[in-house]
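Me: I have a structure to go through and would like to work on it by question and answer. Please keep the steps short.

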Amino acid sequence: MMADEPRATTAKRSTLNARVERIVDHTSDTRSLFLSLTSGKHLRFVPGQFISITIPLGDETRSRPYSVASDPEDRGPFEICFNRVAGGRGVAWLFDLRLGDTLDFSGPFGAFTIDRAPEAELGFIAEGTAIAPLRPMLKRALASSSAHKIHLIYAAPDSDHILYAADLDAFARTAPNFSFETVIAAPENIYDRLFDLADARWVSADADRTRHFYICGVGKGVIRLRDLLRGAGYERRAVHYEQW
């Protein structure tokens with residue numbers, strides 16, 4: 001995973017233990033686990049950060065990062081969201097967890113965050129479960145900025161995989177400066193669609209290059225979007241990204 005500061009570059013942290021308090025299936029292949037620390041404490045994190053979960057597989061133990069999808073202001077369990085991947089033993093282990101089961105993790109980690117929104121118009125781009133870190137980032141941005149426009153472009157292979165749609169609708173109803181659009185496209189075409197929409201809205205439409213961007217997704221399409229915006233004249237430090 002890549003970002004302006006690589007996601008894998010983290011300081012060593014002690015291991016924490018969490019219990020599965022709630023399970024929500026968004027679709028047949030996409031699930032959220034709501035976790036609480038067995039210590040009884042509240043996990044402190046900044047919107048956009050991730051935890052690194054220890055996954056015991058019998059013949060080996062793996063460590064995998066999962067973004068925190070919930071708001072740090074929520075005092076209840078924190079949420080991670082993930083989807084099945086063909087041949088993915090680690091995520092299969094997560095799907096096997098049941099209410100009351102526990103897991104070990106370290107963190108939170110990560111520099112792809114929003115603590116306080118920049119004083120500028122903001123653009124967010126995500127596909128599929130990559131909306132997970134952007135959701136609390138959007139909420140924090142909306143709470144700290146009422147004057148600047150905030151727009152999200154969110155893509156998925158079908159409408160069922162547009163996650164947190166009710167939250168996005170609520171943001172749009174209550175925040176006059178927020179708007180979003182969803183894109184339904186075949187997986188092989190998603191990043192072409194995102195590229196074209198980002199180009200039309202933020203590159204070709206005007207000469208304003210003061211915006212800030214937050215991009216999250218899977219594969220080389222994330223880098224293509226980053227390079228589109230930086231190549232169009234936006235400052236390097238204003239185009240934040242995380243590549244899964």
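Reply: A definition comes before the questions: a polar contact is a pair of N or O atoms within 3.5 Å. Within protein, one of the two atoms must be able to donate a hydrogen and the other to accept it. Keep in mind that this is a predicted model.

Me: Which residue has its backbone oxygen 3.1 Å from a polar atom of the side chain of R230?
Reply: R230 lies in helix α5, residues 220-231. A polar atom of its side chain is 3.1 Å from a backbone oxygen. The residue that supplies this oxygen is R236.

Me: Is R230 buried or exposed?
Reply: The cut-off for buried is under 20% relative accessible area. R230 has a relative accessible area of 18%, so R230 is buried.

Me: With which side chain does the side chain of E242 make a polar contact?
Reply: E242 belongs to strand β12, residues 239-243. The relative accessible area of E242 is 2%, so this residue counts as buried. Its side chain makes a polar contact at 3.4 Å, and the partner is the side chain of W244.

Me: Which residues of β12 are on the side opposite V239, Y241 and Q243?
Reply: In a regular strand the side chains alternate between the two faces of the sheet. Five of the five residues of β12 are buried, so this strand is largely enclosed by the rest of the structure. Both faces are covered, with V239, Y241 and Q243 on one side. On the other side are H240 and E242.

Me: What is the bridge partner of F213 in β12?
Reply: Strands β11 and β12 run parallel and are joined by five bridges. F213 has its bridge partner in β12, and that partner is V239.

Me: How far apart are the end C-alpha atoms of helix α4?
Reply: Helix α4 covers residues 190-202, which is 13 residues. The expected span is 1.5 Å times one less than the number of residues. For α4 this gives 18 Å, which agrees with the distance between its end C-alpha atoms, 18 Å.

Me: What arc around the axis do the buried residues of α4 cover?
Reply: The buried residues of α4 are I190, Y191, L194, F195, A198 and W202. They are on the same side of α4, because the arc they cover around the axis is only 130°.

Me: Against which elements do the buried residues of α4 pack?
Reply: Three of the partners are strands and one is a helix. The buried residues of α4 pack against β8, β9, β11 and α5.

Me: Which element supplies the largest share of the largest nonpolar core?
Reply: The largest nonpolar core has 29 residues, and F124, L134, L152 and F178 touch the most other members. At least two residues come from each of β8, α2, β9, α3 and β11. The largest share is seven residues, and it comes from α2.

Me: How many residues are in the second, separate core?
Reply: Among the members of the second core are F78, I80, V91 and F95. This core is separate, and its number of residues is 23.

Me: What is the relative accessibility of F180?
Reply: F180 is found in strand β10, residues 178-184. Leaving aside neighbours within four places in sequence, F180 is in contact with H151, L152, L168, D169 and A172. Buried would require under 20%. F180 counts as partly exposed, because its relative accessibility is 24%.

Me: What is the relative accessible area of Y164?
Reply: Y164 lies in the loop between β9 and α3. Its phi is positive, about 60°, although Y164 is not a glycine. Y164 is buried, because its relative accessible area is 11%.

Me: To which residue does the cis peptide bond from G107 lead?
Reply: The bond has an omega near 10° and is cis. The residue it leads to is found in strand β7, residues 102-109. That residue is P108.

Me: Which residue of β7 stands opposite T54?
Reply: Strand β7 is mostly covered, with six of its eight residues buried. Strand β2 pairs with β7 in the antiparallel sense over four bridges, and the partner of N17 in β7 is D104. Strand β4 also runs antiparallel to β7, joined by four bridges. The residue opposite T54 is D104.

Notes
Residues are numbered from 1 along each chain as its sequence is written. This is a predicted model: local features need pLDDT of at least 70, side-chain atom pairs count only at pLDDT 80 or more; totals for chains, interfaces and linings use all residues. Side-chain values use heavy atoms; hydrogens and water are left out. Buried means under 20% relative accessible area, exposed over 50%, partly exposed in between (1.4 Å probe, protein chains only). The arc is that of the directions from the helix axis to the C-beta atoms. Contact means heavy atoms within 4.5 Å. A nonpolar core is a set of buried Ala, Val, Leu, Ile, Met, Phe, Trp, Tyr and Cys residues joined through side-chain atoms within 4.5 Å. Two strands pair if DSSP finds at least two bridges between them.
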